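Here are a few exercises to work through with the model open beside you. Try each task before you read its solution.

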Amino acid sequence: MGWKAVTSALSALGLPLVLAACGGGDKASGPLAPTAFEQRFGAESQITPDNVSDLGLAWFHQFDTDRGQEAIPVYNDGVLYTVTDWSIVYAFDAKTGEKLWSFDPQVPHDRMTLACCDAVSRGIAVDKGKLFLAAYDGRVIALDAKSGKQLWSEQSFIDTSKPYSITGAPRVAGNRVIVGNGGAEFGVRGYITAFDTETGKKAWRFFTVPNAAGKPDGEISDQVLADKVNASWSPGAWTTTGGGGTVWDGMAYDPETDLFYFGVGNGNPHNYKIRSGGKGDNLFLSSIVAVKGSTGEYVWHYQETPGETWDYTATQPLMLADLTIGGKPRKVIMQAPKNGFFYVLDRSTGELLSADAFTDVNWAKGIDLKTGKPIENPDARMGKGSFDMIPGPLGGHGAQNWSYSPNTGLVYIPEQHLMHHYAVGKWTYEPGHFNIGFDLSAAAVATPDLLKEARKNAWGDLVAWDPVAKKAKWKVRHKWFYNGGTLATGGNVVFQGSSDGSFNAYDATDGKQLWNYKAGNGIIAAPISYAVDGKQYIALMVGYGGPSAFVGGLTPLQPRRPGRLMVFALDGKVQAPAYPVEVRAPPLDPSVTSKGDIKAGAVTFAQNCVPCHGPAALSRYQADLLRSGFMTSPAALHGVLANGTEKHRGMPPFTGVLNDTEIENIRAYVIDRARKEKPGDGQ
Ligand code: CA
């Protein structure tokens, strides 16, 4: 074991990260306006490589919530809309920053115990005077965009007791608003639902994986499930776990053809040998599916990772574009999903046009363009017990938005690079908790020193990729992996934030850095560009969080800080106040001891706690465990883990999962880690 083992910690993070809405140029006033095509291109050209050094803060708003900010704001008719953690919507005067209204759907915070990856939201949709919110707890809500008044609200979860959550943005397709959800790590069955934009009445629902009872659902997906999907699954754990296949983001709509595209997530459990006896392609996991937006009727699909087993979701943002390939105009759909290959498909037929690695890939040698299937490395399915795999389960590209510039012909991918040590192990189904089907205990050896070693092989790149030439034109290296989404603009400037809080501008042609702003808090969202009264603005949500924040030590150690919407312009002179310096609780009193087994506690911690509290218990995002009052007595920690006393703050109970001995062993391990803590650990 070594540094590779500690990256096992990440495997729990199969999570639905979600992405943001769409948005983009000022010309595309709605997120799904035909010219937008989810290209996230800001057509405004006032800010250029020559003057971007004059960019400054024009206005900002600080929110009173402090989890991750992943939303892409939406500009429409002088108003800037956004959504924060806990699905709270805001409308601002886009020029002055004056708050016009806000809407808090009052999501119960204990809902976070049923979700993998923070209470984030990737965006809202605005269309024909209505704003659509897909709330974390499954409600789809239509608001009057002018007043913020609620028009209708419908529940999209088929069963609200199941660990479903929504972090993705809703999309509008004609008179439908369409939402998916996350939850595949915990064990649910994936689907998307379309509602009538006027009435909120359910229009159709499309399930992505079979009905375990072997019955039709009475939904539009019944026929294609019977024709193509059901036979691609074999007996296995999926009949208990739901199989996964959640659609937590990655959607796009072409109004010309009424085709609605969505990407399908990973299976549950991840391990295909347990899930489906190692047999079958397991449709529609890790696939792009095209349906009719109006009816949900199946049209085509392309599966990127057959027999998905590594959390290789196809839920990363989708993008539509018209490219010239081989001298011919092609209407394409593109994606840079977790598995590391950049896919270009004909969006009318689903024909695979190209698939090339945009990052280091060792699970497959390439994609056979004739069959559309990957040429797998035989070791990747862990026949030898383990495999050091790249990309890992956080992917070569995560939830972050990317962008396309029709001026340069390049797409700008927030790539990330992190190897993962996969190991097979025993597995039992634990309802309401992570159900991966892999052995996470390797992370028990994680120490701050090993994490520093692991970081030498973990980074992020901004990759400018030519989808026609099928290669990178330039790259910019970031210090940490998992950075912000990108925006390309008509002025030939590309913007991207980083996980350590830098907001940067680059020349779109050659990647030269042009400008930098220290936001004081990590950035994972993507900016947008808009113009009011002939002046160009760049708007960005700032606030670190999401799954990458859970693995502190491999990502920057950051406490939770209030989110901010920051809006920049060429003559901006506003100074945002610095965030208060983090004040940690005092170290544990030396009188705090435990008779528990430290070594056994390390294994139990790795198997149950690492997904949210990070390897070596370093992450301070959810709680500062190394200084936590809950570690001071057996009764205190017992209350949290066995009785769920912190459920209202999103800490799930482990009732019936961890016994008293295991709980005390965890306490012994965390106390031991606290005693060994040194200044600079995890930095
Ligand atoms: Ca996942």
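Two strands pair if DSSP finds at least two bridges between them, and strands (E, at least two residues) and helices (H or I, at least four) are DSSP runs numbered from the N terminus. This is a predicted model, where local features need pLDDT of at least 70, side-chain atom pairs count only at pLDDT 80 or more, and totals for chains, interfaces and linings use all residues. Residues are numbered from 1 along each chain as its sequence is written, and side-chain values use heavy atoms, with hydrogens and water left out.

**Exercise 1.** Find out how β21 is joined to β20 and β22, and whether its faces are buried or exposed.

*Solution.*
- Step 1: start with β20 (residues 328–335), which runs antiparallel to β21 and is joined to it by four bridges. Val332 has Asp346 as its bridge partner in β21.
- Step 2: look at the turn. Five residues separate the two strands of this hairpin, and Gly340 there has a positive phi of about 95°.
- Step 3: go to the next strand, β22 (residues 352–357), which pairs with β21 in the antiparallel sense over five bridges. Here Tyr343 stands opposite Ala355. This hairpin also has five residues between its strands, with Gly350 at a positive phi near 85°.
- Step 4: check the cover. Buried means under 20% relative accessible area, exposed over 50%, partly exposed in between (1.4 Å probe, protein chains only). Phe341, Tyr343 and Leu345 on one side are buried, and so are Phe342, Val344 and Asp346 on the other.

**Exercise 2.** Which residues touch the most other members of the largest nonpolar core, and which helix gives the largest share?

*Solution.*
- Step 1: a nonpolar core is a set of buried Ala, Val, Leu, Ile, Met, Phe, Trp, Tyr and Cys residues joined through side-chain atoms within 4.5 Å.
- Step 2: this one has 45 residues, and Phe481, Phe605, Leu641, Leu658, Ile666 and Val670 touch the most other members.
- Step 3: α10 gives the largest share, six residues.

**Exercise 3.** What kind of aromatic pair do Phe495 and Trp515 form, and why does the pair tie together parts apart in sequence?

*Solution.*
- Step 1: rings of Phe, Tyr and Trp (its six-membered ring) pair if their centres lie within 6.5 Å; planes under 30 degrees apart count as stacked, over 60 as edge-to-face and the rest as tilted.
- Step 2: the whole structure has 38 aromatic pairs. Phe495 and Trp515 are edge-to-face, 6.4 Å centre to centre with 75° between the planes.
- Step 3: Phe495 lies in β32 (residues 493–497) and Trp515 in β34 (residues 513–518), so the pair ties together parts 20 residues apart in sequence.
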